[in-house]
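This briefing goes through one protein chain topic by topic, for a reader who has the sequence and the coordinates at hand. It takes the sheet first, then the nonpolar cores, the salt bridges, the aromatic pairs and one loop residue.

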Amino acid sequence: AAMAARCRLAARFHHIHGTNIRLDASHTQATRVESFANGLCFSQEPLAPGQIFLVEIEEKELGWCGHLRVGLTAHDPQSLEVVPEYSLPDLVNMGDTWVFAITRSHNRVVVEGEEAQTRGRPWEPFLLIARVRIPRDTLVGRSRPGRYSHILDDLYKMNVLPATARRSRIGVLYAPQPDGTADMHIVINGEDMGPSARGLPTTRPLYAVIDVFASTKSVRVIPVDYGFPSLQTLCRLVIQKHIVHRLAIDGLDLPPLLKSFCQHE
């Protein structure tokens, strides 16, 4: 319960950000308004161990090479004299920062002699990372109802939608280790990519880094409920289970807000 309350409050962008970023009034949507750089954003608060900072790609922009970049930094955004133009390499070169460009698969750091671990089946209801259970339903993006949305829905279920596509959900968290350090994990549409970096300090606050770079134009923070799914989520799962496709929800005798939640979230 304490984790859920803290995560709800922390699901915001910091007021310190790149010069080309504009935040909405709620500080949950970040849009790069010009150029392809100066799009750095940070979480409003340092992350707790196991707390995921999750964003959904809302808008893309053609004509640029490169995609969203995410990671963690031990630098308090308030302490930055100038927000760097790029997360890679500028912010990383400042030290105590770990950032990766989002692609379909990541370079997983494997210790010598260690075998790749199973990441969990995509249909399991919870994603388990370092004793933290995160409802997978929240972690997976969804298409908006439309003419071809049934095709996208199937792609989401199979988890083959490109990580950089609109509606994809990307998250970052750190998992403490027995030696007192932490591993950084990146989660793409409910799939844990495994440790992307090891040896992160746990004695310093760690902020999420979201670089709205190049072809990624706008992202939105998605709040995550830990533990048991909310009543809204359970209702949505039951409703979606008994219909052919989400477009059919329009014809149900349901309150408009519940229809919207079942179709879009």
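**Strand order and sheet**

In this predicted model, seven strands make up an open sheet whose order is β1-β2-β13-β4-β9-β10-β11, with antiparallel pairing. The edges of the sheet are β1 (21-23) and β11, each of which pairs on one side only. From one strand to the next, the twist averages 25 degrees.

- Strands β1 and β2 run antiparallel and are joined by three bridges.
- Within this pairing, I21 has R32 in β2 as its bridge partner.
- As general background, the strands of a sheet pair through backbone hydrogen bonds, in either a parallel or an antiparallel manner.

**Nonpolar cores**

- The largest nonpolar core holds 32 residues, and the members that touch the most other members are F13, F53, V55, L68, I210 and V219.
- Two or more residues of this core come from each of the elements β4 (53-60), β5 (69-73), β9 (169-176), β10 (181-188), β11 (191-201), β12 (207-211) and β13 (216-221), and the largest share, four residues, is given by β10.
- A further core of 13 residues lies apart from this one, and its members include I52, L127, L139 and Y226.
- When neighbours within four places in sequence are left aside, the contacts of L68 are V55, I57, F100, A101, I102, I170, I210, D211, V212, F213, T216 and V219.

**Salt bridges**

- Side chains of opposite charge can pair when their charged atoms come close, and a search of the whole structure finds eight salt bridges.
- One of these salt bridges joins the side chains of R167 and E56, at 3.3 Å from N to O. Because R167 lies in the loop between α4 (149-158) and β9 while E56 lies in strand β4, the pair ties together parts that are 111 residues apart in sequence. Both R167 and E56 are buried.
- Another salt bridge is formed by E58 and R220, whose closest N and O atoms are 2.9 Å apart. With E58 in strand β4 and R220 in strand β13, this pair ties together parts that are 162 residues apart in sequence.
- Are the two partners of that bridge buried or partly exposed? E58 has a relative accessibility of 16% and therefore counts as buried, the cut-off being under 20%, whereas R220, with a relative accessible area of 25%, is partly exposed.
- E58 and R220 also belong to a network of salt bridges that links them with D24.
- A salt bridge also brings together the side chains of R198 and D183, at 3.0 Å from N to O. This pair links distant parts of the chain, with R198 in strand β11 and D183 in strand β10, 15 residues apart.
- In the R198 and D183 pair, R198 counts as partly exposed at 27% relative accessibility, while D183 counts as buried at 5%.

**Aromatic pairs**

- The structure contains five aromatic pairs, and one of them is the edge-to-face pair of F13 and F53, with 5.9 Å centre to centre and 65 degrees between the planes.
- F13 lies in the loop between α1 (2-10) and β1, and F53 lies in strand β4, so their pairing ties together parts that are 40 residues apart in sequence. Both F13 and F53 are buried.
- Y86 and F213 form an edge-to-face pair as well, at 6.2 Å centre to centre and with 70 degrees between the planes. The two residues are 127 residues apart and link distant parts of the chain, Y86 being in the loop between β5 and α2 (87-93) and F213 in the loop between β12 and β13.
- F213 counts as buried, at 7% relative accessibility.
- A cluster of F36, W64, Y86 and F213 is linked by ring pairs.

**A loop residue, S35**

- S35 is located in the loop between β2 (29-32) and β3 (40-42), and at 35% relative accessibility S35 counts as partly exposed.
- Which residues does S35 touch, not counting those up to four places away in sequence? They are N20, E61 and W64.
- From C-alpha to C-alpha, S35 and K217 are 9.8 Å apart in space, although 182 residues apart in sequence.

Methods:
Residues numbered from 1 in each chain as written. Predicted model: local features only at pLDDT ≥ 70, side-chain atom pairs only at ≥ 80, totals over all residues. Heavy atoms only, no water. Core = buried A, V, L, I, M, F, W, Y, C linked by side-chain atoms within 4.5 Å. Buried < 20%, exposed > 50% of the residue type's maximum accessible area, 1.4 Å probe, protein only. Contact = heavy atoms within 4.5 Å. Salt bridge = Lys/Arg side-chain N within 4 Å of Asp/Glu carboxyl O. Pairing = 2+ DSSP bridges. Axes fitted to C-alpha atoms, helices over the stretch in contact; angles between N-to-C directions. Phe/Tyr/Trp six-rings, centres within 6.5 Å; stacked < 30°, edge-to-face > 60°.
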